[in-house]
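This report covers salt bridges, one strand with its neighbours, and two helices. The sequence and coordinates come next.

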Amino acid sequence: MDPKLLFCLPQGDALFNPLNTMFIQMACILVFSQLFFLLLKPCGQAGPVAQILAGIVLSPALLSRIPKVKEFFLQKDAADYYSFFSFALRTSFMFLIGLEFDLHFMRRNLKKATVITISSFVSCGLLSLAFFYLLTPLLHIKEDYFTFFLVLFTTLSNTASPVVLRSIADWKLNTSEIGRLTISCALLNELTNVVVYTIIIAIISGSLIGDLFLFIFMTGALILLNRFLAPWLPKRNPKEKYLSKAETLVFFIFLLIIAITIESYDVNSSVSVFIIGINFPRQGKTHRTLINRLSYPIHEFVLPVYFGYIGFRFSIIALTKRYYIGLVIIVILALVGKFIGVISACMYLKIPKKYWLFLPTILSVKGHVGLLLLDANYSEKKWWTTTIHDMVIASLVITTLLSGVLASFLLKAGEKDFAHQKTSLESHDTSEELRVLSCVYGARCARGEISLISSLSGSHGASKPFTPLLMHLVPLPKKRKSELLYHEHDEDGGNVHGDDDFGTNESLMINDSIDSFAKDSKILIQQVKLVTQMVSMHEEICNATEDLRVNIVFLPFHKHQRIDGKTTNDGEHFRQMNRNVLRHAPCSVGIFVDRNITGFQQPHGFGSVQNVAVLFFGGPDDREALALCKWFASNTLIHLTIIQFVPEDSHPESPVRNATTPDSSEVLIEVQGRNQTEHEADRSLLEEFHNRFVSTGQVGFIEKRVTNGPHTLTILREIGEMYSLFVVGKSREDCPMTVRMKDWEECPELGTVGDFFASSLDVNASVLVVQKQRHSHDNFIDD
């Protein structure tokens, strides 16, 4: 390529060179895509649909048919610029997809993703074979039948993972089971397509087989190099929040060298780039820096331009009648093949019927690798003509638009089926994924919340699905003023996004705590930062719990323990935030009173077993607290004891006979004096917990008979020094065992028992107060 085209103004009568044209075209795509997105968003359409439509508007099918526009956009040598820039965009977002990919979910659901992928391959392959003999005479294919079959099979079976990923994120399904399964299937489908296509072409040409081993070696070498550089580079500047821009550039230079080398052999580099990203060390400053630097520009600029470029290649001007017929046949086969294959797999895997239509629809989107494979290896496709090229490209674009539109309407029609429904731990089994959101506003809170995460994660080697998230709450000042210009902010590589400048010192300490915990426990904590006005903080937390689909959110108590053992108030605004979250949260809520000096310590790295007690008086909140303790019970570094309080005058009627433990010879009795439905729910949960944990000796059980509130307080004082953590429900309505305890209540948001533990000077243990999700018709606490 002539360097003058890159760095000099064009000569002669040309007003623009191809490089200027490319950037103007990208700007037009972004403008049109935003316009279409605003128009289609009320209908539930995802961003890729709007961006592909923007590309179609600028394509030779519409605006580029105008001579002046065509002359401007489709200049000589423009294809070289588009090709290289497309390669750079593809490399960056495939690397980011690998960095963000949920490996734990993929391991748990590898069988499902593999079965769905193989089933769709088989159905698309059979349809390709069945209609092969119809399409060859229709399209005048007279030689090289095998490569035509390979192209037809690739066109029908391919799924564009970036389109799926972006659509799932726009629909806020990327944290749901079905959303992550869809992304896993799309990636597995696309990468398998690339590998199979590349190997077959290598066998046909006979010149790439040896080179494939070279590519594998280079990819493995870069993975090992990244594993060395990722922990080493942060040590050079330990006080910096992120790596510098120069250090970040090192990773991209090595990545581009590998990708360019592979592409120079006319082989697609997407698989290698994705594997490098997925094997990148997940914890530490380096991973956070790459995610931070890549996420915004790729999701807001790179992917929209790339999807627009897919639509820009749409052209049906040169098609004749027979090619229109071929176009319709390929579009129908692409949709039918996915539906047959995916629905058959769903029936075999017993996936709920409500997902049967959505899965094959969204997995039918095309583009990305499909376009790249079709454009490669021209010498091996002797039948390849411009008309057939336009027909196949048009079929990919039309199929993607139809699939995207249909999927959005299916989502809108079955909105309740895709909503988060696992909002109660009482009905949540330990074999299902537990998603926990821990909110902190400082490093001091983070240590306590990480201790909870450590205890809920189970012992080393535990295979229970568990996803912890930690949200750093940063109150936004009402007025912000800076004398620096935008480009003067954070010159040495920090984030230039304004919100990220707040809470920097605390963020460094929080990051250090998370990195230390991850290194000891091998448990990865996903980090989220929330920067907003204090008055709306609770709304943002509640919205985040819905978007992240968490089962329980933990909030820090507004007081903390000092070194001398006394407590200090962090601010009434944090207390008000906790109360508002308790009222409006769409899931269960836990307020953690952390006494990190004398109370509960992080199990991972702690030398001895800690004693934890769950107090059970009865009621929805106590049941939720007991249900949460199912995850505590699976941790061998914690000895859990259930302490059940029953009225003195209750009649013994045990649902479980001879329910004894080494700590107590008394039997379980049912709780009297409450609504019969609540009573049955209490007894059912206690019976289940006893059969599962108590009878095996894994959990202890103690029964305490009390007459009234003062008697209960006496017992609470007696056991106050016996445990490092108390887990208790917040509310228990008009319970006779806590009567008159409210007379000296300081913090009603903790409930009577939780408030006693938090305010008593005789108790040195930490306290976790749990509230089950409330409904609009319930009585909430007052502001």
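## Basis and terms

A salt bridge here is a side-chain nitrogen of Lys or Arg within 4 Å of a carboxyl oxygen of Asp or Glu. The model is predicted, so local features need pLDDT of at least 70 and side-chain atom pairs count only at pLDDT 80 or more, while totals for chains, interfaces and linings use all residues. Residues are numbered from 1 along each chain as its sequence is written, and side-chain values use heavy atoms, with hydrogens and water left out.

Helices (H or I, at least four residues) and strands (E, at least two) are DSSP runs numbered from the N terminus. Buried means under 20% relative accessible area, exposed over 50%, and partly exposed in between (1.4 Å probe, protein chains only).

## Salt bridges

The rule gives 20 salt bridges. One of them joins Arg 108 to Glu 433, with the closest N and O atoms 3.8 Å apart. Arg 108 belongs to helix H6 (residues 103-108) and Glu 433 to the loop between helix H19 (415-418) and strand E1 (434-440), 325 residues apart. Arg 108 is partly exposed at 35% relative accessible area, whereas Glu 433, at 9%, is buried.

That loop between H19 and E1 also holds Asp 429, and Arg 692 is in helix H25 (residues 676-694), so their pair ties together parts 263 residues apart in sequence. The N to O distance in this salt bridge is 3.7 Å. Arg 692 is partly exposed at 31% relative accessibility, and Asp 429 is partly exposed at 31%.

A salt bridge of 2.7 Å, N to O, links Arg 623 and Asp 682, and both residues are buried. Salt bridges that share partners also join Asp 102, Arg 108, Glu 177, Arg 180, Glu 433 and Arg 435 into one network.

## Strand E8 and its neighbours

In strand E8 (residues 610-616), six of the seven residues are buried. Strands count as paired if DSSP finds at least two bridges between them. E8 runs parallel to strand E9 (residues 638-647), with seven bridges, and Ala 613 has Thr 641 of E9 as its bridge partner. Four bridges connect E8 to strand E11 (residues 725-729), again in parallel; there, Val 612 stands opposite Leu 725.

## Helices H7 and H15

The expected span of a helix is 1.5 Å times one less than its number of residues. For the 29 residues of H7 (residues 110-138) this gives 42 Å, in agreement with the 40 Å between its end C-alpha atoms. H15 (residues 321-349) has 29 residues and reaches 42 Å, close to the expected 42 Å. Lys 350, which follows H15, has a positive phi near 60°.
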